[in-house]
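Me: I would like to go through a structure feature by feature. Please give the general idea for each one and then the case at hand.

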Amino acid sequence: MGIPDSGDSMEPADFLPRHRLQSLLDHLLQQGFEILAPQLRDGAILFRPTQHVDQLPRGVTQQQAPGHYRLQQGDSPRCFSWANGPQAIKPLTFTPQETLWRSELQADGSLRFHEAPVVTRATAVIGVRGCDLAALALQDRHFLERIEDPLYRQRRDSLLLIAVDCSHPADTCFCASTGDGPEAQTGFDLALTELAEGYRVRAGSVRGEGIMRALPLVASDAALRQEAIEQARRARQQQRALPDFDPAALIQQGEHPAWDKVADACLSCGNCTSVCPSCFCHSEAEAPTLDGQQSEHQRQWDSCFSEGHSYIHGLHVRPDTRSRYKQWLTHKFGSWVEQYGRSGCTGCGRCISWCPVGIDPLQVLRELGEEVK
């Protein structure tokens, strides 16, 4: 298969040959964006500041299974032949720790409060997956719809999102069954489909259309279009799928023995909620200076698996792992539907890969749906 010429053609110019991918990064840098793109770090793929395509994880593939994540180096020229790393784009909008406001003790004993400004920079994120775009849409609903979180808003508005269709889902992925992948569907400015010799490009916003006009694109030929179709078909053939269940009935499954089984295995470590792109539990605390004259009110990620998260006025509402796991699963797959109109799960499978004991929530859901004998 050859790269098409950029001669006269009735087909739209939508293909970026692989050797011209740097032109995308150069354009973004010229426009003043900081670029975050996937890089190989400490045995995982993480978003890091990037200026050149040589920093991308070229030829890297993955193995993911319950409690298992390993990368493999091959000789493929592809840079996105993996499903996801432990890091979604959640930390870019809902940061792991931040100061909400500062207070200062005055001479008369009163307190003066100060806003904690957020310093943001226009940031282009390359390599966002469809499951993570769906999770970002859920985060938008939580942080922006009823009461707008100004810190989230400022960070959210600073992002330009360049998605890459997932061509190599992990064995832990099930985004095809949740309807959130493996192709990027909405919420992106620009989306790429990585093929053997380059990238098919499509715009999802006015900003994305402007970027496309600045790139040295050529028209896709029929062979490239067919390659993209076949690649998408293979990517949708995933090993796992979300089982059928009634979200309202799930909330009522209080005494099923599956809860005891999963509680015996669960470590309540909160890994699943940390890597989940849609979880938003957090706690708040004061951080005073040693002289007691000033204090910062901080927000940090928390987990419904932590004992303190359900502590209210001298009472632990969920005192054991069994009740905490039940809270997480029934909220994520049950009451979230009532709150936001859909499940809180977008099928990325991170909670399976990064659980130290390999708990698979899909298996728990199947067991909850079985008749108790």
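The turns below take up salt bridges, a helix, a hairpin, backbone angles and nonpolar cores.

Me: What should I know about the model before reading it?

Reply: This is a predicted model, in which local features need pLDDT of at least 70 and side-chain atom pairs count only at pLDDT 80 or more, while totals for chains, interfaces and linings use all residues. Residues are numbered from 1 along each chain as its sequence is written, and side-chain values use heavy atoms, with hydrogens and water left out.

Me: How many salt bridges does the rule give?

Reply: A salt bridge is a side-chain nitrogen of Lys or Arg within 4 Å of a carboxyl oxygen of Asp or Glu. The count by this rule is 22. One of them joins Asp132 to Arg350, with the closest N and O atoms 2.9 Å apart. Asp132 is in helix α2 (residues 130–145) and Arg350 in helix α11 (residues 350–353), so this pair links distant parts of the chain, 218 residues apart. Helices here are DSSP runs of H or I with at least four residues, and strands are runs of E with at least two, numbered from the N terminus.

Me: Are Asp132 and Arg350 buried or exposed?

Reply: Buried means under 20% relative accessible area, exposed over 50%, and partly exposed in between (1.4 Å probe, protein chains only). Asp132 and Arg350 are both buried.

Me: Which residue forms a salt bridge with Arg156?

Reply: Asp140 does, at 3.0 Å between the closest N and O atoms. Arg156 belongs to helix α3 (residues 150–157) and Asp140 to helix α2, so the pair ties together parts 16 residues apart in sequence. Arg156 and Asp140 are buried.

Me: Where do Glu145 and Arg141 lie?

Reply: Both are in helix α2, four residues apart, or about one turn of the helix. Their side chains meet in a salt bridge of 3.5 Å, N to O. Glu145 counts as exposed because its relative accessibility is 53%, and Arg141 counts as partly exposed at 32%. Elsewhere, Glu98, Asp149, Arg155 and Arg299 are linked in a network of salt bridges.

Me: What span should helix α6 have?

Reply: The expected span of a helix is 1.5 Å times one less than its number of residues. For the 14 residues of α6 (residues 222–235) this gives 20 Å, and the end C-alpha atoms are 20 Å apart, which agrees.

Me: Which residues of α6 are buried?

Reply: They are Leu224, Glu227, Ala228, Gln231, Ala232 and Ala235. Seen down the axis, these buried residues fall within an arc of 130°, so they line one face of the helix; the arc is that of the directions from the helix axis to the C-beta atoms. Their cover includes β1 (13–17), β10 (190–195) and β11 (198–203).

Me: How do the side chains of strand β4 point?

Reply: In β4 (residues 60–65) they alternate: Val60, Gln62 and Gln64 point to one face and are buried, whereas Thr61, Gln63 and Ala65 point to the other and are not. Two strands pair if DSSP finds at least two bridges between them. β4 pairs with β5 (residues 68–73) in the antiparallel sense over six bridges, and Thr61 has Gln72 as its bridge partner. The hairpin has two residues between the strands, and Gly67 takes a positive phi near 70°.

Me: Which backbone angles deserve a look?

Reply: Most residues other than glycine have a negative phi, and most peptide bonds are trans. The bond from Gly181 to Pro182 is cis, with omega near 0°, and Pro182 is in the loop between α4 (175–178) and β10. Ser268 has a positive phi near 55° and sits in the loop between α8 (257–265) and α9 (271–275). At 18% relative accessibility, Ser268 counts as buried. His313 has a positive phi of about 50°; at 82% relative accessibility, His313 counts as exposed.

Me: Which residues have the most contacts inside the largest nonpolar core?

Reply: In soluble globular proteins, nonpolar side chains tend to be buried together. A nonpolar core is a set of buried Ala, Val, Leu, Ile, Met, Phe, Trp, Tyr and Cys residues joined through side-chain atoms within 4.5 Å. The largest has 31 residues, and those with the most contacts inside it are Leu24, Leu28, Phe80, Ile126 and Ile162. Its largest share, four residues, comes from α1. A second, separate core of 24 residues includes Val262, Tyr325, Trp328 and Leu329.

Definitions and conventions
Contact = heavy atoms within 4.5 Å.
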